[in-house]
Amino acid sequence: MIDHIPADFGHWFAGLVDGEGSFGITMGHRSHRKNMPGCQFSLSLRNDDAEVLEYIQRTLGVGGVHYRERGETNRQGYLSKPRADLWIHKKGELPLLVELFRHYPLRSKKRLAFEVWARAVDLWTSGEWRGRWTSEKQVVAEEMQRLREEIKLARQYEPPDYPE
């Protein structure tokens, strides 16, 4: 699945994702199914670096780049610059990222979130979510919710233990 991706791109992309990428597990992303799970990956850069996201999208052949022309006010009250986001969230596209980051591993603490997310992607893509809600779907949705909580724990800041 990743045979078309050059090695130098894979290493570079893994480094960029270590710093700027985000792995997410969603619950209830469709209004008629409050427990419907999903997985997503995003990478955000300022709009003046949008061509980097477009290059990534072309190279991977998945996802889409979306533009936010206006900045947003953050929690501290500062207005951010306009940004562009690469979103990958389709069931058929996410396994490529799992394979890619298994071949070109993340090196920062973000690798912990990735490992949880990869388990969620495997679980989510192995089932069929259309049609009637069943007890089997409920069991998988509950496991996805547990993984969602686990990914939050993996993201928590832990001060380093510096030698004295």
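**Exercise 1. The enclosed space.** The structure holds one cavity of 30 Å³ or more; work out what volume the largest cavity has and which residues line the largest cavity.

*Solution.* Begin with the source of the coordinates: this is a predicted model, in which local features need pLDDT of at least 70 and side-chain atom pairs count only at pLDDT 80 or more, while totals for chains, interfaces and linings use all residues. Residues are numbered from 1 along each chain as its sequence is written, and side-chain values use heavy atoms, with hydrogens and water left out.

Next, recall that a cavity is a set of points on a 1 Å grid over the protein atoms alone where a 1.4 Å probe fits but cannot get out, and that lining residues have an atom within 4 Å of a point. The volume is the space filled by probe spheres set on the points, which are joined across faces, edges and corners. On this basis the largest cavity contains about 40 Å³ of space. Its lining consists of Arg68, Arg70, Gly71, Glu72, Ser80, Lys81, Pro82 and Arg83. Sorted by type, the lining has five charged residues, two polar and one nonpolar, where Asp, Glu, Lys and Arg count as charged, Ala, Val, Leu, Ile, Met, Phe, Trp, Tyr, Cys and Pro as nonpolar, and the others, Gly among them, as polar.

**Exercise 2. Two helices and their surroundings.** Find which residues of α1 and of α2 are buried, and what packs against them.

*Solution.* Helices (H or I, at least four residues) and strands (E, at least two) are DSSP runs, numbered from the N terminus. Buried means under 20% relative accessible area, exposed over 50%, and partly exposed in between, with a 1.4 Å probe and protein chains only.

Take α1 to start with: its 14 residues reach 20 Å from the first C-alpha to the last, close to the 20 Å expected at 1.5 Å a residue, the expected span being 1.5 Å times one less than the number of residues. Buried in α1 are Phe9, Gly10, Phe13, Ala14, Leu16, Val17 and Asp18, and these pack against β1 (21-27), β2, α2, α3 and α4 (110-125), with contact meaning heavy atoms within 4.5 Å.

In α2 (residues 50-60), Ala50, Leu53, Ile56, Thr59 and Leu60 are buried, and their cover includes α1 (7-20), β2 (37-46), β3 (64-68), β4 (83-88) and α3 (94-103). Val52, also found in α2, is partly exposed because its relative accessible area is 21%; apart from residues up to four places away in sequence, Val52 touches Trp12, Leu16 and Leu45. After α2 comes Gly61, whose phi is positive, near 75°.

**Exercise 3. Aromatic pairs.** Describe the geometry of the pair Trp12 and Tyr55 and of the pair Phe114 and Trp117, and say where each pair lies.

*Solution.* Rings of Phe, Tyr and Trp (its six-membered ring) pair if their centres lie within 6.5 Å; planes under 30 degrees apart count as stacked, over 60 as edge-to-face and the rest as tilted. The structure holds 14 such pairs. Trp12 and Tyr55 are 5.9 Å apart centre to centre with 55° between the planes, and the pair is tilted. Trp12 lies in helix α1 and Tyr55 in helix α2, so the pair ties together parts that are 43 residues apart in sequence.

Phe114 and Trp117 also form a tilted pair, at 6.2 Å centre to centre and 40° between the planes. Both lie in helix α4, three residues apart, about one turn of the helix. Phe114 counts as buried at 2% relative accessibility, and Trp117 counts as buried at 0%.

Notes:
On a 1 Å grid over the protein atoms alone, a cavity is a set of points where a 1.4 Å probe fits but cannot get out, and a pocket is an open set with protein on both sides within 12 Å along at least five of seven lines; lining residues have an atom within 4 Å of a point.
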